[in-house]
Amino acid sequence: MNESDLSFHPPPRSLLFSRTRESLAVALSDAVSDALPAIADELDLAADRALDGRERQALLGAALRLRREAATRVTQVADALARRASRCLDASRGTAEGADAQRLALVDDEELEVQILAADLARAAREQAGVAYPRYVARLRRVLERDWGDDDLNPLGARTLASATVAALNDLADGARAVLRQLVMAALAAPIAAAIERADRLL
């Protein structure tokens with residue numbers, strides 16, 4: 001065996017991207033799986049404090065659904081991540097007009113409140129990741145050999161990860177959303193930041 005046989009050959013860029021996406025999907029799914037029972041418990045506590053009967057029923061109903069549908073909701077995370085990552089990649093490959101169309105498609109996929117929550121969750125995750133985040137983005141750009149401009153169109157950026165995470169909490173009662181927003185921010189910003197830091201090391 002010669003020296004070249006012992007040299008390290010890095011994986012192809014497409015494989016490295018796929019592995020990173022899979023690692024993020026697992027990390028986010030685990031984080032959501034851990035968070036849902038705790039969020040449901042907090043919704044029960046909030047219901048006990050609620051003065052309005054309709055709000056109390058909405059909070060209790062949301063807690064019940066999170067417990068009953070936990071397994072199904074966790075599976076939505078990886079699906080949402082793959083779907084949004086693919087659309088972001090399509091946008092970065094196309095023309096400016098095509099990118100605008102893809103951006104609109106990403107927005108149309110989400111309700112306004114979900115968009116706001118995902119954007120705020122992404123911002124919190126970036127802040128918690130600190131200096132690791134710009135380094136991660138720079139490495140991801142090198143792997144993909146493209147520039148998507150706005151970080152919201154980063155196929156594995158904080159906004160994409162936050163949207164995938166929030167997908168597990170869709171379709172809950174409107175009366176529970178204000179409380180749910182606070183709980184999601186408290187429970188999931190740090191795990192998203194930790195997932196980014198691990199993905200940074202993979203790249």
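Start by selecting α7 and α9: these two helices are oblique to each other, since the angle between them is about 45° and the oblique class takes in angles that are neither under 35 degrees, nor over 145, nor from 65 to 115. Keep in mind as you click around that this is a predicted model.

**Stop 1: where α7 meets α9**

With both helices still highlighted, look at how they pass. Their axes lie 9 Å apart, and the crossing of α7 with α9 is left-handed. To see who does the touching, show side chains for A132, Y133, R135, Y136 and R139 on α7, then I196, E197, A199 and D200 on α9. Color them by class and you'll get 5 nonpolar and 4 charged residues, with no polar ones.

**Stop 2: swing over to α8**

Leave α9 on and add α8. What angle do the axes of α8 and α9 make where they cross? Roughly 130°, and they come within 11 Å. That makes α8 and α9 another pair that is oblique to each other. This time the crossing is right-handed.

Now pick out the residues in contact: A158, L161, A162 and T165 from α8, and L188, I192 and I196 from α9. Sorted by class, the contact of α8 with α9 holds 6 nonpolar residues, 1 polar and no charged.

**Stop 3: α8 on its own**

Is α8 mostly covered or mostly open? Mostly covered: 9 of its 9 residues are buried. Step through them if you like: A158, R159, T160, L161, A162, S163, A164, T165 and V166. To see what surrounds α8, turn on α2, α4, α6, α7 and α9, which its buried residues pack against.

**Stop 4: into the core**

Time to zoom out to the largest nonpolar core, which has 64 residues. Which of them touch the most other members? Select L43 and Y136. The elements giving two or more residues to this core are α2 (13-49), α3 (53-68), α4 (70-93), α6 (112-129), α7 (132-144), α8 (158-166) and α9 (177-202). The largest share is from α2, with 15 residues.

As a bit of background, nonpolar side chains tend to be buried together in soluble globular proteins.

**Last stop: L43**

Center the view on L43 and show its neighbors. Leaving aside residues up to four places away in sequence, L43 touches L59, A62, A63, L66, V179, L180 and L183. Then hop back to Y136, which shares with L43 the most contacts to other core members and which you've already met in the contact of α7 with α9.

Terms used
Residues are numbered from 1 along each chain as its sequence is written. This is a predicted model: local features need pLDDT of at least 70, side-chain atom pairs count only at pLDDT 80 or more; totals for chains, interfaces and linings use all residues. Side-chain values use heavy atoms; hydrogens and water are left out. A nonpolar core is a set of buried Ala, Val, Leu, Ile, Met, Phe, Trp, Tyr and Cys residues joined through side-chain atoms within 4.5 Å. Buried means under 20% relative accessible area, exposed over 50%, partly exposed in between (1.4 Å probe, protein chains only). Helices (H or I, at least four residues) and strands (E, at least two) are DSSP runs, numbered from the N terminus. Contact means heavy atoms within 4.5 Å. Axes are lines fitted to C-alpha atoms, for helices over the stretch in contact, and angles run from 0 to 180 degrees between N-to-C directions. A crossing is left-handed if the near helix is turned anticlockwise from the far one by less than a right angle, and right-handed if clockwise. Ala, Val, Leu, Ile, Met, Phe, Trp, Tyr, Cys and Pro count as nonpolar, Asp, Glu, Lys and Arg as charged, and the others, Gly among them, as polar.
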